[in-house]
Amino acid sequence: MYLRGAEMYETVIVGAGPGGTGPLIWAAQHGQLTDWLKSGVALIDQAAVIGGTLTKYLIGSDSPGRSYLECFDHPEFADLFSELYREETTKQLFEYYETLPPLPLVGAFLQREGVHLARLMTKFPASRFFPGSRAQRLRRMDDGRIAVDLGDGHPAGEVVGGAAIVALGGREVTDARLCGRLDLQAVVEADRLHGSDEMLSGTGLERALARCGELRRVVILGGSHSAFSVAWRLLDAVGDRLAPGAITILHRTEPRCFYVTRADADADAYAFVEDDVCPATQRVNRLSGLRGDGRDLWRRIHGKPGTERELRVVCRPLRDADLVQPELIEQLRGADLVVTTFGYRSRTLPIVDTD
């Protein structure tokens, strides 16, 4: 049975960032959004607006501007979002159509897109955006529908849908154990140990630099895109004060690098195997490779053709045997700043069955 006061919808989407709105944008591109909204869509997010939080990351996008603007190539979308097309934010993003735009601009565009999506939803009585609402759990009901619990204090109580889409974005992996074995909090003082999310967003880097004082040695743990983005931000912020070898990136596996063609990879003397090549596009490390500012920095660190070698950053492999070596402990203790870049995992909710 439904709880008294529960609101009924065809579909409930939990999360109004790029992941949650993606199905709605796809539907708009294919002329199906208005029918979907007529049938009833509930869009739930703890934020007050639709569009996500990319505005807080002060780095470049991994994708060119056209990735965010190709929706306008579809007449159905262009018609529904014609006002968005004429906005200044959209015009600015078009200037990066074939290049990599800054993420704050991408985030601003997605939020403006969200404003127009919210306005469109108000035209359909069966659909509703729930701002400032935090889903607590999902529960499968006896008839197969999904109930989303918004908590006892929420006016709606439960929102029920025939289907539910959960798109809550990613959460930074904050486990302070290096490779699951070395307790970083026991080695590095708290004011010198920071996560990549803080270092890449807003004023997080400035706060970290203020706490650690003079910056002479930095250790970045991890070989993901976040690791190289953090190094790039440090160089941009205080690079003129850093000596050669001041930043060390310790990585367990060799970072992958994105290349448009095999020939580009060969020209960089980049070693790859056939499994690294996308069969559809022939691009090398199409989905997993470094790109943008991180890729440019990786190429400069390794002195690839056409670059000026970056001597302030060095990359070193981290082996299991290193975890018990006094040299590694001393390096971490002696660093003015240690940044963990252990990646992100999907946010989720408790999901329970009928029993």
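**Figure 1. Buried residues of helix 1 in the predicted model.** Within helix 1, which covers residues 18-29, the buried positions are Gly20, Thr21, Leu24, Ile25, Ala27, Ala28 and Gln29. This view comes from a predicted model, as do the views that follow. The partners against which the buried residues of helix 1 pack include two strands, namely strand 1 (7-14) and strand 2 (41-44). Helix 2 (33-39), helix 4 (75-80) and helix 7 (103-121) are also packed against by these buried residues. In an α-helix there are 3.6 residues to each turn, so residues three or four places apart point the same way. Just after helix 1 comes Gly31, whose phi is positive at about 70 degrees.

**Figure 2. The protein as a whole, as a setting for the close-up views.** The protein contains 13 helices and 16 strands. Its C-alpha trace spans about 65 × 45 × 40 Å along the principal axes. The chain has 355 residues, and 46% of them count as buried. Of the contacts between residues at least 6 apart in sequence, 74% join residues at least 24 apart. The exposed area of the protein is about 18000 Å², and carbon and sulfur atoms supply 49% of that area. Charged side chains number 42 positive and 49 negative, and the centres of these two sets are 2 Å apart.

**Figure 3. A salt bridge between helix 5 and helix 7.** The protein has 15 salt bridges in total. In one of them, Glu83 pairs with Arg119, and their closest N and O atoms are 4.0 Å apart. This pair links distant parts of the chain, since Glu83 belongs to helix 5 (residues 82-85) and Arg119 to helix 7, with their positions 36 residues apart in sequence. Glu83 counts as partly exposed because its relative accessibility is 45%. Arg119 is likewise partly exposed, at 43% relative accessibility.

**Figure 4. A salt bridge with both residues buried.** Glu158 and Arg139 meet through their side chains in a salt bridge, with an N to O distance of 3.1 Å. The pair links distant parts of the chain: Glu158 is in strand 6 (residues 158-166) and Arg139 is in strand 4 (residues 137-140), and the two are 19 residues apart. Glu158 is buried, with a relative accessible area of 7%. The relative accessible area of Arg139 is 19%, so Arg139 also counts as buried, the cut-off being under 20%.

**Figure 5. A salt bridge between helix 11 and the loop that follows.** Glu274 and Arg262 form a salt bridge in which the closest N and O atoms are 2.7 Å apart. Because Glu274 lies in the loop between helix 11 and helix 12 while Arg262 lies in helix 11, the pair ties together parts that are 12 residues apart in sequence. Glu274 counts as exposed, at 52% relative accessibility. Arg262 is partly exposed, its relative accessible area being 28%. Side chains of opposite charge can pair when their charged atoms come close.

**Figure 6. Two residues with positive phi in the loop between helix 11 and helix 12.** Most residues other than glycine have a negative phi. Gln282 has a positive phi, near 65 degrees, and is not a glycine. Its place is the loop between helix 11 (262-267) and helix 12 (292-301). Asn285, which is not a glycine either, has a positive phi of about 50 degrees. Asn285 is found in the loop between helix 11 and helix 12. Gln282 is partly exposed, with a relative accessible area of 34%, whereas Asn285 is buried, with a relative accessible area of 2%.

**Figure 7. A patch of positive charge on the surface.** Four arginines, Arg134, Arg171, Arg345 and Arg347, gather in this patch. One of them, Arg171, is located in strand 7 (residues 170-172). Arg171 is partly exposed, with a relative accessible area of 36%.

**Figure 8. A network of salt bridges.** Arg300, Glu310 and Arg312 are linked with one another in this network.

How values were computed: Residues are numbered from 1 along each chain as its sequence is written. This is a predicted model: local features need pLDDT of at least 70, side-chain atom pairs count only at pLDDT 80 or more; totals for chains, interfaces and linings use all residues. Side-chain values use heavy atoms; hydrogens and water are left out. Helices (H or I, at least four residues) and strands (E, at least two) are DSSP runs, numbered from the N terminus. Buried means under 20% relative accessible area, exposed over 50%, partly exposed in between (1.4 Å probe, protein chains only). Contact means heavy atoms within 4.5 Å. Accessible areas come from the Shrake-Rupley method with a 1.4 Å probe; for residues, only the protein chains shown count as cover. Lys and Arg count as positive and Asp and Glu as negative; His and the chain ends are not counted. The place of a charge is taken as NZ of Lys, CZ of Arg, CG of Asp or CD of Glu. Patches are made of residues with over 30% relative accessible area and no salt bridge: like charges are joined within 9 Å, nonpolar side chains (Val, Leu, Ile, Met, Phe, Trp, Tyr) within 5 Å.
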